[in-house]
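Trainee: I would like to learn how to read a strand diagram and the packing around it, step by step. Could you take me through an example?

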Protein chains: 2
Amino acid sequence: MTNPGELKQASKLINTAAIAQYAAITDDYNPIHMDAEFAAKTEMGGIIAHGMLSLNLIWQALSATFGPDVVTRTVLDVRFTKPVRVDDVVTGGGSLREGTSGDYDVWVKNQNGETVIKGSAVID
Amino acid sequence: MTNPGELKQASKLINTAAIAQYAAITDDYNPIHMDAEFAAKTEMGGIIAHGMLSLNLIWQALSATFGPDVVTRTVLDVRFTKPVRVDDVVTGGGSLREGTSGDYDVWVKNQNGETVIKGSAVID
């Protein structure tokens, strides 16, 4: 089977409800994610979403493209390049690297086309 | 500042409630995660938890050790090595690599000490 050139994409609205749900399931209530007044005074200059809410879009893209067991045969390498803010819409996707059979450049971008996560997913 | 030799650890019970919550926030209702009868007939031999529920423990360990902005200065490289099953308790942690100032071997293990995720986190 030849792997597709482009991953199916997955998008999510990162609103305060999503952040609150994510905080609840992970017990991660750090005020940088929850408290606008606190977050405004930090270096981040306002609330940032949990990075995993965005990273998940890469897994959703991989899973939509290859099926859910892809997680067990993928090496993922990622860097968070830009914070995600409340009410951003983030989209995850990826492209097959030229000359490879299963190495994807993967990314998550916000609604302005800015890359918030970039990395690679190498599929066995 | 010298980075610590060991990350603070974080643990989570991955029960059906956690899986359902995670499915709800990600819209990932794949039956491999939700439907015991379906999952039993697959190669996985039963329900597996969403990989991100476990991967999150590495971020929690990093965040507990360095603060939540660590996400913006970390390159994470991970491989899922073993499925996580309903009612597993998974723990994330990591150790500083000898001779480095901020390269951690990171892992998530289940209650039997089996590694379910392994990788590295390189912190700027």
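Mentor: What follows goes from the chain as a whole to the sheet, its hairpins and the helices on it. This is a predicted model, in which local features need pLDDT of at least 70 and side-chain atom pairs count only at pLDDT 80 or more, while totals for chains, interfaces and linings use all residues. Residues are numbered from 1 along each chain as its sequence is written, chains are lettered from A and ligands numbered from 1 in the order in which they are written, and side-chain values use heavy atoms, with hydrogens and water left out.

Trainee: How many helices and strands does chain A have, and in what order do the elements run?

Mentor: Helices (H or I, at least four residues) and strands (E, at least two) are DSSP runs, numbered from the N terminus. Chain A has 4 helices and 5 strands, and from the N terminus the order is β-α-α-α-α-β-β-β-β.

Trainee: What share of chain A counts as buried?

Mentor: Buried means under 20% relative accessible area, with a 1.4 Å probe and protein chains only; by that criterion, 50% of the 124 residues of chain A are buried.

Trainee: Which order do the strands take in the sheet?

Mentor: Two strands pair if DSSP finds at least two bridges between them. Here an open sheet of 10 strands, with antiparallel pairing, has the order S1(A)-S3(A)-S4(A)-S5(A)-S2(A)-S2(B)-S5(B)-S4(B)-S3(B)-S1(B). The edge strands, each pairing on one side only, are S1 (10-14) of chain A and S1 (10-14) of chain B.

Trainee: Where do helices H1 and H4 of chain A pack?

Mentor: Contact means heavy atoms within 4.5 Å, and angles run from 0 to 180 degrees between N-to-C directions, with axes fitted as lines to C-alpha atoms, for helices over the stretch in contact. Helix H1 (residues 16-26) of chain A packs on the sheet, touching S1 of chain A together with S1 of chain B, and its direction makes about 95° with that of S1(A). Helix H4 (residues 51-66) of chain A also packs on the sheet, where the strands it touches include S2 (74-80) of chain A and S2 of chain B, and its direction makes about 145° with that of S2(A).

Trainee: Which residues take a positive phi in the hairpins of chain A that involve S4(A)?

Mentor: S3(A) and S4(A) run antiparallel, joined by 6 bridges, and in their hairpin, with 6 residues between the strands, Gly99(A) has a positive phi near 80°. S4(A) and S5(A) pair in the antiparallel sense over 7 bridges, with Val106(A) opposite Gly119(A), and their hairpin, with 5 residues between the strands, has Gly113(A) at a positive phi near 80°.
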